[in-house]
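This note sets out points for a colleague reading the structure below. Each point takes up one region or one kind of contact.

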Amino acid sequence: MLREEIIMLCTADLAGQVRGKGFPASDLESRLKKGIGWTPTNSMITAHGPIAPSPWGPFGDTVLVPDDATRVRVDFGDEHAAFHYMMADICNLDGTPWSVCPRSFLKRMLKQLEDRHGLKLKAAFEHEFMLEDVEELPNASYALDAFRRQGSFAETYLGALKAAGLDIDTFMPEYGPKQYEVTVGPAEGVKAADEAVAVREIARAVAQYFDTRVSFTPILRPDAVGNGVHMHFSLMDAASGKPVNYDSQGKNNMSETAGSFLAGILKLMPALTAITAAGTISYLRLTPNRWSAAYNNLGERDREAGLRICPVFPGSGTDISKQFHFEFRAADATANPYLVLGTLIAAGLHGLDQKLDRPEVCPGPPQDLEDAQLRDLGIVRLPQSLTEALDLFEGEAAFKPLLGEDLIQAYLAHKRFEVDLMKDLSDGQQCEKYHLAY
């Protein structure tokens with residue numbers, strides 16, 4: 001029987017879900033020019049199904065404008081459909097960016113970073129996930145046995161990532177039940193977020209090929225270890241491409257430029273978590289003594305810091321200035337990667353614009369410090385619920401001119417509706433909902 005390959009033209013929505021419309025692959029050339037029609041209210045579909053109250057209702061039209069550079073195709077053989085998609089910007093009918101498009105927002109922040117401070121950004125999203133059909137055994141953390149029991153999934157997955165053009169770094173069994181981690185190399189600008197989408201969606205496609213599922217849920221159950229999405233990033237001079245993060249004479253080897261950027265992130269991190277930890281169960285993970293971020297502290301070689309200075313390896317022979325970078329840890333896969341990266345840049349822009357001083361490294365676990373020490377360092381506990389985070393986000397004036405009122409209000413309406421959907425469920429029941437959704 002004849003078959004017609006389909007390409008999905010996609011957007012990552014406010015819930016971090018990838019949605020779109022398909023078209024015949026034979027129509028690719030024309031679709032690259034004209035795109036596909038889209039509806040504003042589609043952005044208000046929650047991860048759990050119901051549509052949040054929409055400011056547009058049934059009215060309005062937008063268009064998905066494809067970016068051919070994002071095209072991913074994984075061939076699973078003649079007996080299986082090819083996995084073929086590309087990402088799009090949501091635009092108005094005149095071709096201008098729609099104000100609630102997450103990918104267009106990220107592009108806008110990258111342009112602001114370059115125009116105002118002559119900087120570009122590289123980033124890589126480090127993902128953890130659960131592989132459903134792997135038996136949950138005690139003492140499987142980082143174990144060769146846990147690697148063995150995932151069978152051919154990893155080989156097929158990494159092969160698909162490589163075919164999609166991603167720079168593969170590592171794959172490993174992680175600490176949690178049925179948990180694995182995949183890391184890829186850094187990419188510049190919007191490509192980093194495009195690749196974060198690819199890492200997740202290719203994992204889901206490969207799992208389906210093996211008749212199983214993966215879940216990037218923030219936490220499998222209330223007593224389990226969570227899945228983080230740690231974002232590694234560094235700044236570069238836009239003109240020369242040289243890294244500008246390292247200063248051998250600077251405080252904690254940070255350059256003044258990088259220090260101001262980090263200071264902005266740390267200052268706005270409590271509000272920023274509304275974007276980066278976007279599920280109600282995200283806050284079960286963001287607790288002290290859990291190898292997860294619970295404070296807006298800067299750490300060095302500290303995997304419980306909200307923001308950390310990553311280690312360098314002088315013995316590798318690589319220039320330290322090219323290794324020196326930072327990691328944002330208060331994020332998970334309920335978040336849209338374009339919004340995560342865009343709001344992180346927005347917070348960094350605040351620090352650069354205000355010429356904030358280089359932050360101090362927290363001398364130990366924040367939960368063990370005296371209140372006076374925390375005040376001196378500007379360290380506070382991160383929000384302990386999505387509602388608290390959304391209230392802080394709504395009240396943070398620094399974000400308003402950068403994100404824009406339309407995006408902020410749509411996001412708040414979307415996420416407050418999600419909170420309402422979950423309010424009568426136990427923590428365990430909420431975990432199951434997110435497990436299925438992500």
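Throughout, a residue counts as buried when its relative accessible area is under 20%, as exposed when that area is over 50%, and as partly exposed in between. The model is a predicted one.

1. Y434 and Y438. By the definition just given, Y438 is buried, because its relative accessible area is 2%. Y434 is likewise buried, with a relative accessible area of 0%. The structure holds 20 aromatic pairs. In the pair made by Y434 and Y438, the ring centres lie 6.1 Å apart and the planes stand at 10°, so the pair is stacked. The cut-off behind that label is an angle under 30 degrees between the planes.

2. Other aromatic features. One aromatic cluster is formed by F129, F147, F153, Y157, F171, Y180 and F216. A charged side chain also meets a ring elsewhere in the model: R381 lies over the face of Y295, and its distance from the ring centre is 5.9 Å.

3. Helices α2 and α9. Helix α2 spans residues 102–117 and helix α9 spans residues 337–353; their axes come within 8 Å and cross at roughly 25°. The angle makes α2 roughly parallel to α9, since angles under 35 degrees are classed in that way. The crossing of these two helices, α2 and α9, is left-handed. On the α2 side the contact is made by P102, R103, F105, L106, M109, L110, Q112, L113, R116 and H117. The α9 side contributes Y338, L339, L341, G342, T343, I345, A346, L349, L352 and D353.

4. Helices α2 and α5. Helix α5 covers residues 190–209, and its axis comes within 9 Å of that of α2, with a crossing angle of roughly 150°. The two helices, α2 and α5, are therefore roughly antiparallel to each other, as angles over 145 degrees are so classed. Here R103, L106, K107 and L110 of α2 meet V190, A193 and D194 of α5.

5. Helices α5 and α9. The axes of α5 and α9 come within 9 Å and cross at roughly 150°. This pair, α5 and α9, is therefore roughly antiparallel, and its crossing is right-handed. From α5, the residues V190, A192, A193, D194, A196, V197 and R200 meet P337, Y338 and L341 of α9. Among the α5 residues named here, V190, A193 and D194 also meet α2.

6. T70. What does T70 touch, leaving aside residues up to four places away in sequence? The partners of T70 are Y85, M86, M87, R103 and D194. Of these, R103 of α2 and D194 of α5 appear in the contact between those two helices. T70 itself lies in the loop between β4 (62–66) and β5 (72–74). With 9% relative accessibility, T70 counts as buried.

7. V65. Strand β4 contains V65. The relative accessible area of V65 is 31%, so this residue is partly exposed. Its contacts, not counting residues up to four places away in sequence, are M87, A88, D89 and C91. M87 thus touches V65 and is also touched by T70. V65 and L14 are separated by 51 residues in sequence and by 18 Å in space, C-alpha to C-alpha.

8. Backbone at K178 and N252. Most residues other than glycine have a negative phi. K178, which is not a glycine, has a positive phi of about 55°; K178 is found in the loop between β8 (168–173) and β9 (179–184). N252 also has a positive phi, near 55°, and is not a glycine. N252 is found in the loop between β12 (229–237) and α6 (256–276), and is partly exposed at a relative accessible area of 24%. A reviewer may wish to look at both places in the model.

9. Sequence separation and distance in space. R148, found in helix α3 (residues 144–149), counts as exposed at 53% relative accessibility. R148 and D223 are 75 residues apart in sequence, and their C-alpha atoms are 26 Å apart. G428 lies in helix α14 (residues 427–437) and counts as partly exposed at 37% relative accessibility. G428 and P222 are 206 residues apart in sequence, and 6.1 Å apart in space from C-alpha to C-alpha.

Technical notes: Residues numbered from 1 in each chain as written. Predicted model: local features only at pLDDT ≥ 70, side-chain atom pairs only at ≥ 80, totals over all residues. Heavy atoms only, no water. Phe/Tyr/Trp six-rings, centres within 6.5 Å; stacked < 30°, edge-to-face > 60°. Buried < 20%, exposed > 50% of the residue type's maximum accessible area, 1.4 Å probe, protein only. Lys NZ or Arg CZ within 6 Å of the ring centre and 35° of its normal. Axes fitted to C-alpha atoms, helices over the stretch in contact; angles between N-to-C directions. Helix = DSSP H or I, 4+ residues; strand = E, 2+ residues; numbered from the N terminus. Parallel < 35°, antiparallel > 145°, perpendicular 65-115°, else oblique. Left-handed = near helix turned anticlockwise from the far one by under 90°. Contact = heavy atoms within 4.5 Å.
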